[in-house]
Amino acid sequence: MDYRRYLYTLMLLPTLAVAQDSLSTHVSYDLTAETAIGTGDYTAYQLVTNRNHILATRPNTAYLRGAVSIEHAFNPGLVLSATMDAIGSIHADHKAYLQQYYANLSWKGFFIEAGSREQQFVVRDNQLSSGVFAKGNNAKPIPQVHIGTNDFWTVPFTKEWLQVNFDFGYGKFMDSSFREDQFFQSGGANQQYSKGAYYHQKHLYIRTNPAKPFFVMVGIEHVAQFGGTSYSIFDGFKEKPANLKDFWNIILPIGDSNYFENNAIEDWVYGNHIGQMTMQLGWNITKGHQVQAYLDNPFEDGSGIRKGNGWDGLWGIQYNNKLAGRQYVRGAVVEYFQSTNQSGPLHWDGGDWPEPIRSQITDFVTGNDNYYNHLFYNSYAHYNMAIGNALILSPIYNKEGYTDFRDNRVKAWHVGINGELTSHLSYLVKGSYREGWGTYNNPLPQKHHSFDAMLQGIYQIGSWQVSAAYAFDKGNIYGNCSTFNFKINYHGKIL
């Protein structure tokens, strides 16, 4: 017998066992503590925005967070994973709750998932960008069942020239009781509230190979609220069905041509539809430096799709440094956001009137899109936080108790920069200047404005990450707020 071979086999057994275990099952956990301390009516805007409403908008708040994740690989291409993530907060609207709970089955580049999960921007920089109009991450995640690609998937037989990224799913808004309580606690500020609404989302992005010197990407995101019940002080309760036919009909904006006679004026298109169309051009200046220019065009009906909304949209330039090692500038974003046009101030449709008035109206104007507001669903928000771009003031900031968007006609500039100062220390700087004119139906007597900025340092060593930040707001939107922020996170592995 070859004792050396036997000895080598014994020595390799632990390694083989670890390798087999690493292929089959991993269990990890995250522990996080964060606090925000300062002056003013709110926690500074840049510390709260686009963070899935983890940190409360109220000043002087803190939370503890714990998450456990498990991942099992049946083979290198088929992986089942699940996460349970809980948060306990002080001086916040939500004291203790599950932020994430989901199971995900991935096969090669595709997945099917069920549960509540914090979603990332599809094509925008999650750290630097001001956000997106449709499928943003400013509010708490909406539980859903959806399928899609994990990243961009290269289409076969295109010689790696064509890639796609898609997602499609249905979910349920979880803030019904919250909306009802807000209605009764608003002191008569609100005339309507909705509850029990369902959620539909999808996106499709197509791009050429981003490794080539020049590449192009086009895409569309579409979300909708449907089903549920609405209560109005004028009309009482109205209920919208949500059967299998409605789950099919909500995929495209299909409506009721006789909506006036059917006492369902809000259903000239069934549900509340919101979306954006994207055009993006990319240039790989060198192997490590990339620049992209983009436009995200918002729409809430056909006029926005036809670009009847003028300069409305998110116009941006993004720089990415892909070189290894310390880079003083890792990425930078400059964006201009506008939502003032909304396809004009008027909406004039003969179908909104009974006969004999209807036949006498020959003009047709589809404007006043009133971004994020709706007759039946009140607002495109989750727990009073805008789901889309946070530059449109969320209802949670309405001191008068209104639960709709009172300032959705906005012009804003936004800048974000990040990079590494040492092998362990990185930084993030963001700033926005915003002006608002209210809505077409309720214009502000005076223009609102705010300058909001943040400087953050992040120190990473091993499994520990510690960050400190200072942010402030100046203006008459959030008031003058000044906030110091401290966060510590530990990522551990059990298996």
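This passage describes the overall make-up of a predicted protein model and the surroundings of two of its residues, Glu113 and Gln292.

The secondary structure of the predicted model comprises six helices and 28 strands. Of the 495 residues in the protein, 51% count as buried, while the exposed surface comes to about 23900 Å², of which 63% is supplied by carbon and sulfur atoms. When contacts between residues at least 6 apart in sequence are considered, 63% of them join residues that are at least 24 apart.

Glu113 is located in strand β5, which covers residues 110-116. Its relative accessibility is 2%, and because the limit for a buried residue is under 20%, Glu113 counts as buried. A polar contact of 2.8 Å links the side chain of Glu113 to the side chain of Asn104. Asn104 also appears among the contacts of Glu113 that remain once neighbours within four places in sequence are left aside, together with Tyr102, Ala103, Gln119, Gln144, Val145 and His146.

Gln292 belongs to strand β15, spanning residues 289-299, and is likewise buried, with a relative accessible area of 9%. The side chain of Gln292 makes a polar contact of 3.0 Å with the side chain of Gln290. With neighbours within four places in sequence again left aside, Gln292 is in contact with Gln280, Leu281 and Gly282, with Gly316, Ile317, Gln318 and Asn320, and with Phe215. Phe215 lies 77 residues from Gln292 along the chain, and the C-alpha atoms of the two residues are separated by 9.2 Å.

Terms used: Residues numbered from 1 in each chain as written. Predicted model: local features only at pLDDT ≥ 70, side-chain atom pairs only at ≥ 80, totals over all residues. Heavy atoms only, no water. Helix = DSSP H or I, 4+ residues; strand = E, 2+ residues; numbered from the N terminus. Buried < 20%, exposed > 50% of the residue type's maximum accessible area, 1.4 Å probe, protein only. Polar contact = N/O pair within 3.5 Å; in protein donor to acceptor, adjacent residues only side chain to side chain. Contact = heavy atoms within 4.5 Å. Areas by Shrake-Rupley, 256 points an atom, 1.4 Å probe, with all protein chains shown as cover.
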